[in-house]
Amino acid sequence: MESQIHTLANLFAQLGLPNEPGAIEAFIAAHAPLPDAIPLAEAAFWTPAQAAFLKAEIAEDADWSAVVDSLNLQLRSRS
């Protein structure tokens, strides 16, 4: 079984968030920088369902894990 390649826009749609490029950029700008001490899935801005999805995808190294990692890096690298 092949893994699917997901985009950041797909991830935002999966999380129930606006997934247009401007909305994604605004979300990242509003929530960054995320402190290193806070795991992505434990950030206060997620709903419980969003946090559970992110935590499961990271833990299982599932199809979404690469794009979740990308979001994680983007949230931590902004100042």
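What follows is a chat between a trainee and a mentor about a predicted model of one chain.

Trainee: How many helices and strands are there in the chain?
Mentor: The predicted model has four helices and zero strands, and from the N terminus on the elements run α-α-α-α.

Trainee: And what is the radius of gyration of the chain?
Mentor: The radius of gyration is 12 Å, close to the 12 Å that the globule rule gives for 79 residues, so the chain is as compact as a globular protein of that length. Along the principal axes, the C-alpha atoms fill a box of roughly 40 × 30 × 20 Å.

Trainee: Which residues of the largest nonpolar core touch the most other members?
Mentor: Those are Leu 8, Leu 11, Trp 46, Leu 54 and Leu 71, out of the 22 residues in that core. Helices α1, α2 (21–31), α3 (48–60) and α4 (65–77) each supply at least two residues of this core, with α4 giving the most, namely four residues.

Trainee: What is Leu 11 in contact with, leaving aside its neighbours within four places in sequence?
Mentor: Leu 11 is in contact with Phe 53, Leu 54, Trp 64, Val 67, Val 68 and Leu 71.

Trainee: Switching to Ala 9, is that residue buried or partly exposed?
Mentor: Ala 9, which is found in helix α1 (residues 8–14), has a relative accessible area of 26%, and because buried means under 20%, Ala 9 counts as partly exposed.

Trainee: Then which residues does Ala 9 touch?
Mentor: Not counting residues up to four places away in sequence, Ala 9 touches Asn 19 and Ile 24, while Ala 23 lies 14 residues from Ala 9 in sequence and 9.6 Å from it in space, C-alpha to C-alpha.

Key:
Residues numbered from 1 in each chain as written. Predicted model: local features only at pLDDT ≥ 70, side-chain atom pairs only at ≥ 80, totals over all residues. Heavy atoms only, no water. Buried < 20%, exposed > 50% of the residue type's maximum accessible area, 1.4 Å probe, protein only. Contact = heavy atoms within 4.5 Å. Core = buried A, V, L, I, M, F, W, Y, C linked by side-chain atoms within 4.5 Å. Rg over C-alpha atoms; globule rule 2.2 N^0.38 Å.
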